[in-house]
Amino acid sequence: SQASCLRALYYLPAAHPQVATRSTMSVFAATRQVSRAARAPAVRIARRNLGDSVTGPGATDIPANLKYAVGFFTKSPMSYGEFKQQCVSLRLFAFAGVTGACVLSLMLNPPKSSYWVRYSPTYLFSYIKNSFAGSSPPIFLTEKVEHEANVPAIANELISTRRLLSAGSDSEEEH
C-alpha cells in the first residue's frame with residue numbers, strides 16, 4: 001500500500017503511522033513531525049508533577065478564600081487537595097491578622113528609641129505639617145550670642161580671692 005511504501009522510502013518508524021498516511025508531505029516535514037512525536041513521551045515522562053498546580057480561588061478572591069478558611073475550622077476535608085486549599089486560604093488571613101496585630105502593637109506601644117520617633121508612621125503627619133508651615137527655632141546656634149557678663153573681671157576675681165564676692169555667701173555660719 002501507499003503507507004508502507006512511504007515508510008520504506010523515508011525510513012519512518014512504524015510507531016508513527018499518522019506521519020506515513022499523508023502522501024503529499026515533504027521529507028523535511030515528515031522528519032519534523034516524527035521528531036516532535038518521538039520527543040513528546042519523553043517530556044511527559046520527565047515531568048515531575050510536584051503538585052504545585054494552581055487550584056481553587058485566586059489570592060484576590062477574598063469571599064471564596066474566606067469560605068475555605070472558615071471550612072478549615074468547621075468542616076473535615078474529604079481529600080488532601082481540599083485540605084491544602086483550606087490551609088492556603090487560611091494562610092492569607094493568618095498573615096493579614098499577624099501583620100495587623102504587629103502594626104497595632106507598635107502604634108499603641110511604640111519603642112522609645114529616637115530612630116522610631118523620627119521614622120514612625122505617626123511622625124509623618126508632623127513632617128508634612130512642618131514642611132508647609134513655619135519651622136521651630138534651630139537646635140544649634142546660627143549667630144554669636146552676646147552676654148552681659150564681664151568674663152575677664154570674673155576670672156580675675158576667682159583667681160585672686162578664690163570666690164565670687166558678688167555672688168553672695170556660701171558660708172554655713174549664716175544658716
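Reader: How much area does the protein expose, and what share of that area do carbon and sulfur atoms supply?
Author: The protein exposes about 15300 Å², of which carbon and sulfur atoms supply 62%. Accessible areas here come from the Shrake-Rupley method with a 1.4 Å probe, and for residues only the protein chains shown count as cover. The model is predicted, so local features need pLDDT of at least 70 and side-chain atom pairs count only at pLDDT 80 or more, whereas totals for chains, interfaces and linings use all residues. Residues are numbered from 1 along each chain as its sequence is written, and side-chain values use heavy atoms, with hydrogens and water left out.

Reader: How many helices and strands does the protein have?
Author: There are eight helices and zero strands, and the order from the N terminus is α-α-α-α-α-α-α-α. Helices (H or I, at least four residues) and strands (E, at least two) are DSSP runs, numbered from the N terminus. Helix α5, for example, covers residues 80-108 and includes Gln86.

Reader: Why does Gln86 count as buried?
Author: Buried means under 20% relative accessible area, exposed over 50%, and partly exposed in between (1.4 Å probe, protein chains only). Gln86 has 2% relative accessibility, so Gln86 counts as buried. Of the 175 residues of the protein, 9% are in that class.

Reader: What does Gln86 touch, residues up to four places away in sequence aside?
Author: Gln86 touches Tyr68, Gly71, Phe72, Lys75 and Pro77, a contact being heavy atoms within 4.5 Å. Pro77 lies in the loop between α4 (62-74) and α5. With the same exclusion of residues up to four places away, Pro77 touches Glu82, Phe83 and Gln86. At a relative accessible area of 29%, Pro77 is partly exposed.

Reader: What makes Lys75 and Glu82 a salt bridge?
Author: The term requires a side-chain nitrogen of Lys or Arg within 4 Å of a carboxyl oxygen of Asp or Glu. The closest N and O atoms of Lys75 and Glu82 are 2.6 Å apart, and the pair forms a salt bridge. A search of the whole structure finds one salt bridge. Lys75 is partly exposed, at 45%, while Glu82, at 17%, counts as buried.

Reader: Why is the pair of Phe72 and Phe73 called edge-to-face?
Author: Rings of Phe, Tyr and Trp (its six-membered ring) pair if their centres lie within 6.5 Å; planes under 30 degrees apart count as stacked, over 60 as edge-to-face and the rest as tilted. The structure holds two aromatic pairs. In the pair of Phe72 and Phe73, the centres are 5.2 Å apart and the planes meet at 90°, so the name is edge-to-face. Ring pairs link Phe72, Phe73 and Phe83 into a cluster. Phe72 is partly exposed at 30%, whereas Phe73 is exposed at 63%.

Reader: How do you know that the charged end of Lys67 sits over the ring of Tyr68?
Author: The rule asks for NZ of Lys or CZ of Arg within 6 Å of the ring centre and within 35 degrees of the ring normal. The charged end of Lys67 sits over the Tyr68 ring, 5.8 Å from its centre.

Reader: What makes Leu124, Tyr127, Ile128 and Phe132 a patch?
Author: Patches take residues with over 30% relative accessible area and no salt bridge, joining like charges within 9 Å and nonpolar side chains (Val, Leu, Ile, Met, Phe, Trp, Tyr) within 5 Å. Leu124, Tyr127, Ile128 and Phe132 form a nonpolar patch on the surface, with about 480 Å² of accessible area together. Leu124 lies in helix α7 (residues 123-132) and, at 46% relative accessibility, counts as partly exposed.
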